[in-house]
Amino acid sequence: MTPREPRTSPIVPSYGESSLADLSASILASMTGDQARNVLGLQGAGRVCLLVVDGLGWELLRGHQAAAPFLSELAFNSRPLTAGFPSTTATSLGSIGTALPPATHGVLGYQVAVPGTNRLLNALRWPKDIDPLAWQPKPTLFERAAAAGVAAIHIAPGAYADSGLTRAVLRGAQYRAAGTMGALAAESVAALESSERVLVSAYHGDLDAVGHRFGVSSPAWTYQLSHVDRLAEQIAQALPFGAVLYVTADHGMVNVAPEDKVDADLVPELRAGVALLGGEPRARHVYARPGAAADVLAVWREVLGERAWVASRDEAISYGWFGPPDYSVTDRIGDVVAAATGTSAIVASHAEPKESGFTGQHGSLTSAEQLVPMLAYAAP
């Protein structure tokens, strides 16, 4: 019997045209006058702040205009970007921090296999025995900025200052700790005032955390969005003369109901021939035992049917999901890649009890997860 297939097509990220990597490349190019790399056509400026709001998808912002009047006004004449795949924090910060697509910078998901081993690397809980600079050796946006005479400052909670992900994709920036919204606003403005040529990146993660726990569009999430709106407005109102504020996100989010979760730990077929299950519920890397990849691909397609776009590694690369490949890192991609459709998710209740219990999820190739804002505000 021919497996059922998804009724919709995935949103393949627009690498090289309008992705998060292109935003970073264009920002630095607009500061250095390199028009060839300014693919978004951003205006020139000596001082730029990029505010990254974790989890603020384009569709979510457009659907909650009353809660975010300042950001919604900026969105009125703007266009969205595509996040990249998987649409998850580690991968997107990799794209922002390197100005490269995922298959080039190599941070290819929340959990990916360490080639040649029987283990997963969790990019948000980086193992101490894996060198972040060896995992991602390409120059970062901030290292290139410094080489061009542009000061680089990154502002985020202090707990992330020396994390493996920070060292892999954000190195080269002076790290300033800010654990509250007020501190984030103040540190961002102070950083902009510290030099006539400065690139500031500021990261806020609470909207994502609230979405995971309570779900997007919940009262808690909507109230948090209002706080984010005020944060952006405060930074905008305090910009030094000639400075520009850009606001974007690393991904959107969808709510997954319990009945929409397929539990790989309770469906034996989904574990047959599988050595490691990586990724996350909306974007799975499935690593097969030797010789089992074809069977695993067939079974995952059959079991998931309309609930996921399921591809082999080579197919996912050829479809452009991860962007132009650097084949030195593509063996980190699963033998099988499953991107959830609609509001489905492939959870693993035993192996990943916390992630499996989340209401809000992200990582896939739907418009709700892929489309992120690209908002701009220039100081008078």
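This is a short walk through one protein chain, from its overall build to a few single residues.

The model is predicted, so local features are described at pLDDT of at least 70 and side-chain atom pairs count only at pLDDT 80 or more, while totals for chains, interfaces and linings use all residues. Residues are numbered from 1 along each chain as its sequence is written, and side-chain values use heavy atoms, with hydrogens and water left out.

I start with the whole chain. The protein chain has 16 helices and 18 strands. Helices here are DSSP runs of H or I with at least four residues, strands are runs of E with at least two, and both are numbered from the N terminus. The C-alpha atoms fill a box of roughly 65 × 45 × 35 Å along the principal axes. The radius of gyration is 20 Å, which agrees with the value near 21 Å for a compact globule of 380 residues. That radius is taken over C-alpha atoms, and the globule rule is 2.2 Å times the number of residues to the power 0.38.

Of the 380 residues, 59% are buried. Buried means under 20% relative accessible area, exposed means over 50%, and partly exposed is in between, with a 1.4 Å probe and protein chains only. Next, contacts, meaning heavy atoms within 4.5 Å. Among contacts between residues at least 6 apart in sequence, 72% join residues at least 24 apart.

Now one strand. How many of the five residues of strand β14 are buried? Five of the five, residues 336-340, so β14 is largely enclosed by the rest of the structure. In a regular strand the side chains alternate between the two faces of the sheet. In β14, Val336, Ala338 and Ala340 point one way, and Val337 and Ala339 point the other way.

Which strands pair with β14? Strand β12, residues 283-288, pairs with β14 in the antiparallel sense over four bridges. Strand β13, residues 308-312, also pairs with β14 in the antiparallel sense, over five bridges. Two strands count as paired if DSSP finds at least two bridges between them. For β12, Arg284 has Ala338 of β14 as its bridge partner. For β13, Ala311 has Val337 of β14 as its bridge partner.

Next, a residue in a helix. Thr166 sits in helix α8, residues 164-169. Is Thr166 buried or exposed? Thr166 counts as buried, because its relative accessibility is 10%. Leaving aside residues up to four places away in sequence, Thr166 touches Tyr160, Ala161, Arg171 and Tyr175. Val286 is 120 residues from Thr166 along the chain, and their C-alpha atoms are separated by 26 Å.

Last, three places in loops. Phe85 and Pro86 are joined by a cis peptide bond, with omega about -10°. Pro86 is in the loop between β2, residues 81-82, and α4, residues 89-98.

The loop between α4 and α5, residues 102-105, holds Ala99. Phi of Ala99 is near 60°, a positive value in a residue other than glycine. Ala99 is buried, with a relative accessible area of 8%.

Ser217 is not a glycine either, and has a positive phi of about 70°. Ser217 lies in the loop between α10, residues 206-214, and α11, residues 219-237. Where Ala99 is buried, Ser217 counts as partly exposed at 42% relative accessibility.
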